[in-house]
Amino acid sequence: ARRALAATPLFAGLEPETLQALVENLALISLERGEHLFREGDPGDALYVIVEGEVSVQAEGPPRVEMTRLGPGAFIGEVALMTDQPHAATVTAVITAELLRIDRVTLSRVLADHGDVLRPILRFVRDRLVDRWTRTSPLFRPFNDQQRAELAAKFNFLEIDTGTKLLTSGVRPDGLYIVLAGQFMVQRAGVTIATLGAGDLIGETAL
């Protein structure tokens, strides 16, 4: 478990005591070929690190799209875990696979004592959300993998206070936003016509 975590980009460079705190609270998950780890829409309550094997990550659509395949050292579930939203994709074992499961309570405890872990997690959450949109939205369909990666790196983190207007009707937007956590109301003439949450795009139509 310690070797697997140390080889994962998300946890590489952690202090030994931080790594040990994670190792002591892990569960080992085994999947047979074709078995689902979770389905799109399932509650997200854990982060998974792949130790052996390979899994397929699919957006159900329609149409269903295989977004990527992940192998040893990769991790999944961090978007749903950090945003407290249902899983945005289905994950299925391509071959027999073993994964380490880190639940929300354990990760929260580690983050409370080692806040430096939060920034890389948020960076990976950002990259995964951007990657999902660039692979499934018609807006980004012409992009290749290199362009998607370059686009993801250009997004900046923003903390928006409650009540702040992000965009105003009639005013040209200054960029494209993807919600990591929290909710935004879309209003027209003072009437709320939609509520946007984690994973939603803001400003893409005007952009």
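**Entry 1: the whole chain**

Among contacts between residues at least 6 apart in sequence, what share joins residues at least 24 apart? I looked that up before anything else, and for this protein chain the share comes to 66%. A reminder to myself: this is a predicted model.

Next I went through the secondary structure and noted six helices and twelve strands. Then I checked the overall dimensions. Along the principal axes, the C-alpha atoms fill a box of roughly 55 × 40 × 30 Å. The radius of gyration is 18 Å, and a compact globule with 207 residues would have one near 17 Å, so the two agree.

How much of the chain is buried? Buried residues make up 38% of the 207 residues. I also looked at the outside: the chain exposes about 12000 Å², and carbon and sulfur atoms supply 50% of that.

**Entry 2: helix H2**

I moved on to H2, which runs over residues 16-23, and asked which of its residues are buried. My list for H2 reads Thr18, Leu19 and Leu22. These three cover an arc of only 100° around the axis, which puts them on the same side of H2. What do they pack against? I found helix H1 (2-6), strand E8 (97-103) and helix H4 (104-113).

**Entry 3: strand E4**

Is strand E4 enclosed or open? I went along residues 55-59 and found five of the five buried, so E4 is largely enclosed by the rest of the structure. I remembered a rule here: in a regular strand the side chains alternate between the two faces of the sheet. On one side of E4 I noted Val55, Val57 and Ala59, and on the other Ser56 and Gln58. All of these are buried, which leaves both faces of E4 covered.

Then I looked for the partners of E4. One of them is strand E5 (residues 65-70), paired in the antiparallel sense over five bridges. In that pairing, Val57 stands opposite Thr68. The hairpin of E4 and E5 has five residues between the strands, and I spotted Gly61 there with a positive phi near 75°.

Strand E7 (residues 90-93) also pairs with E4 in the antiparallel sense, over four bridges. Here I found Gln58 opposite Thr90.

**Entry 4: aromatic rings**

How many aromatic pairs does a search of the whole structure find? My search turned up one. The rings belong to Phe38 and Tyr48, which sit 6.0 Å apart centre to centre, with 40° between the planes, so I wrote the pair down as tilted, the class for planes that are neither under 30 degrees apart nor over 60. Phe38 lies in strand E2 (residues 36-38) and Tyr48 in strand E3 (residues 46-52), so the pair ties together parts that are ten residues apart in sequence. I checked burial too, and both Phe38 and Tyr48 are buried.

**Entry 5: Phe157**

Where does Phe157 sit? I located Phe157 in the loop between helix H6 (145-153) and strand E9 (177-178). Its relative accessible area is 28%, and because buried means under 20% and exposed over 50%, I put Phe157 down as partly exposed.

Last, I looked for the company Phe157 keeps. Leaving aside neighbours within four places in sequence, Phe157 is in contact with Arg119, Leu122, Arg123, Arg126 and Leu180. I picked out Arg126 for a distance check: Phe157 and Arg126 are 31 residues apart in sequence and 8.5 Å apart in space, C-alpha to C-alpha.

Notes: Residues are numbered from 1 along each chain as its sequence is written. This is a predicted model: local features need pLDDT of at least 70, side-chain atom pairs count only at pLDDT 80 or more; totals for chains, interfaces and linings use all residues. Side-chain values use heavy atoms; hydrogens and water are left out. Buried means under 20% relative accessible area, exposed over 50%, partly exposed in between (1.4 Å probe, protein chains only). Helices (H or I, at least four residues) and strands (E, at least two) are DSSP runs, numbered from the N terminus. The arc is that of the directions from the helix axis to the C-beta atoms. Contact means heavy atoms within 4.5 Å. Two strands pair if DSSP finds at least two bridges between them. The radius of gyration is taken over C-alpha atoms; the globule rule is 2.2 Å times the number of residues to the power 0.38. Accessible areas come from the Shrake-Rupley method with a 1.4 Å probe; for residues, only the protein chains shown count as cover. Rings of Phe, Tyr and Trp (its six-membered ring) pair if their centres lie within 6.5 Å; planes under 30 degrees apart count as stacked, over 60 as edge-to-face and the rest as tilted.
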